Amino acid sequence: QVQLVESGGGLVQAGGSLRLSCAASGRTFSSYTMGWFRQTPGKERDFVAAICWANGITYYSDSVKGRFTIFRDNAKNTVYLQMNSLNPEDTAVYYCAARLRNCRQNQNDYNYWGQGTQVTVSS
């Protein structure tokens with residue numbers, strides 16, 4: 001069982017930056033592929049980024065590529081999402097998710113979820 005707790009959300013002006021953190025419980029964090037997803041009211045939860053468990057390969061949605069960076073610190077059981085050049089379209093609740101091993105980008109393939117953290121970008 002893995003428990004995930006996100007932090008770092010908030011209100012930021014367009015063009016600004018935020019860094020989200022997701023702290024995971026458990027002793028096998030390095031065996032988990034970690035992902036970030038986001039959701040706005042009335043819409044599906046969308047993939048944002050993932051970092052694979054074994055080789056650290058990263059994947060991004062087209063909408064955030066070049067602006068967001070996902071990285072992990074296995075010693076701290078934490079995955080981060082550095083978000084730069086934010087725009088109002090990035091406003092959403094951001095969720096951290098985990099799945100054992102194999103790297104995936106579909107939310108249905110993730111077994112563990114955090115409670116979400118709100119990111120609001122003002123214009």
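These legends walk through several close-up views of one predicted model.

Local features are taken where pLDDT is at least 70 and side-chain atom pairs where pLDDT is 80 or more, while totals for chains, interfaces and linings use all residues. Residues are numbered from 1 along each chain as its sequence is written, and side-chain values use heavy atoms, with hydrogens and water left out.

**View 1. A disulfide joins Cys22 to Cys96.**
Here the S to S distance is 2.1 Å; a disulfide is a pair of cysteine sulfur atoms within 2.5 Å. Cys22 sits in strand E3 (residues 18-24) and Cys96 in strand E9 (residues 92-100), so this link ties together parts that are 74 residues apart in sequence. Strands (E, at least two residues) and helices (H or I, at least four) are DSSP runs, numbered from the N terminus. With -75° about the S-S bond, the link is left-handed. Both Cys22 and Cys96 are buried. Buried means under 20% relative accessible area, exposed means over 50%, and partly exposed is in between, using a 1.4 Å probe and protein chains only.

**View 2. Cys52 and Cys103 form a disulfide too.**
The two sulfur atoms are 2.0 Å apart. Cys52 is in the loop between strand E5 (46-51) and strand E6 (58-60), and Cys103 is in the loop between E9 and strand E10 (112-113), so the pair links distant parts of the chain, 51 residues apart. The torsion about the S-S bond of Cys52 and Cys103 is about -85°, which makes the disulfide left-handed. Cys52 is buried, at 6% relative accessible area, whereas Cys103 is partly exposed at 22%. The structure holds 2 disulfides, and counting bonded cysteines along the chain gives the pattern 1-3, 2-4.

**View 3. The largest nonpolar core has 28 residues.**
A nonpolar core is a set of buried Ala, Val, Leu, Ile, Met, Phe, Trp, Tyr and Cys residues joined through side-chain atoms within 4.5 Å. Which members touch the most others? They are Met34, Trp36, Val79, Leu81, Met83 and Tyr94. Two or more residues come from each of E3, strand E4 (32-39), E5, strand E7 (68-73), E8, E9 and strand E11 (117-122). Zoom in on Leu81 and, leaving aside neighbours within four places in sequence, you'll find contacts that include Leu18, Leu20, Trp36, Val48, Phe68, Ile70 and Tyr94. Contact means heavy atoms within 4.5 Å. Another core, of 5 residues, lies apart from the largest one, and its members include Phe37, Phe47, Ala50 and Tyr110.

**View 4. Gln82 is a buried residue in the model.**
Gln82 belongs to strand E8 (residues 78-83) and has a relative accessible area of 16%. The side chains of Gln82 and Arg19 share a polar contact of 2.7 Å. A polar contact is a pair of N or O atoms within 3.5 Å; within protein, one must be able to donate a hydrogen and the other to accept it, and residues adjacent in sequence count only if both atoms are side-chain atoms. Not counting residues up to four places away in sequence, Gln82 also touches others, including Ser17, Leu18, Arg67 and Phe71. The C-alpha atoms of Gln82 and Ile70 are 6.3 Å apart, though the two residues are 12 apart along the chain.

**View 5. Arg38 makes a side-chain polar contact with Tyr94.**
That contact spans 2.8 Å. Arg38 sits in strand E4, and is Arg38 buried or exposed? At 12% relative accessibility, Arg38 counts as buried. Beyond four places in sequence, residues touching Arg38 include Glu44, Asp46, Ser63, Glu89, Asp90 and Tyr94.

**View 6. Four strands make an open antiparallel sheet.**
The order is E1-E3-E8-E7. Strands pair if DSSP finds at least two bridges between them. Strand E1 (4-7) and E7 are at the edges with a single partner strand each, so one side of each has no neighbour in the sheet. From one strand to the next, the twist averages 15°. E7 and E8 pair over 6 bridges, and Phe71 stands opposite Tyr80 in E8.

**View 7. Along E11 the side chains alternate.**
Thr117, Val119 and Val121 point to one face and are buried, while Gln118, Thr120 and Ser122 point to the other and are not. Strand E2 (residues 10-13) pairs with E11 in the parallel sense over 4 bridges, with Gln13 opposite Ser122. E9 pairs with E11 in the antiparallel sense over 3 bridges, and here Val93 stands opposite Gln118.

Definitions and conventions
Axes fitted to C-alpha atoms, helices over the stretch in contact; angles between N-to-C directions.
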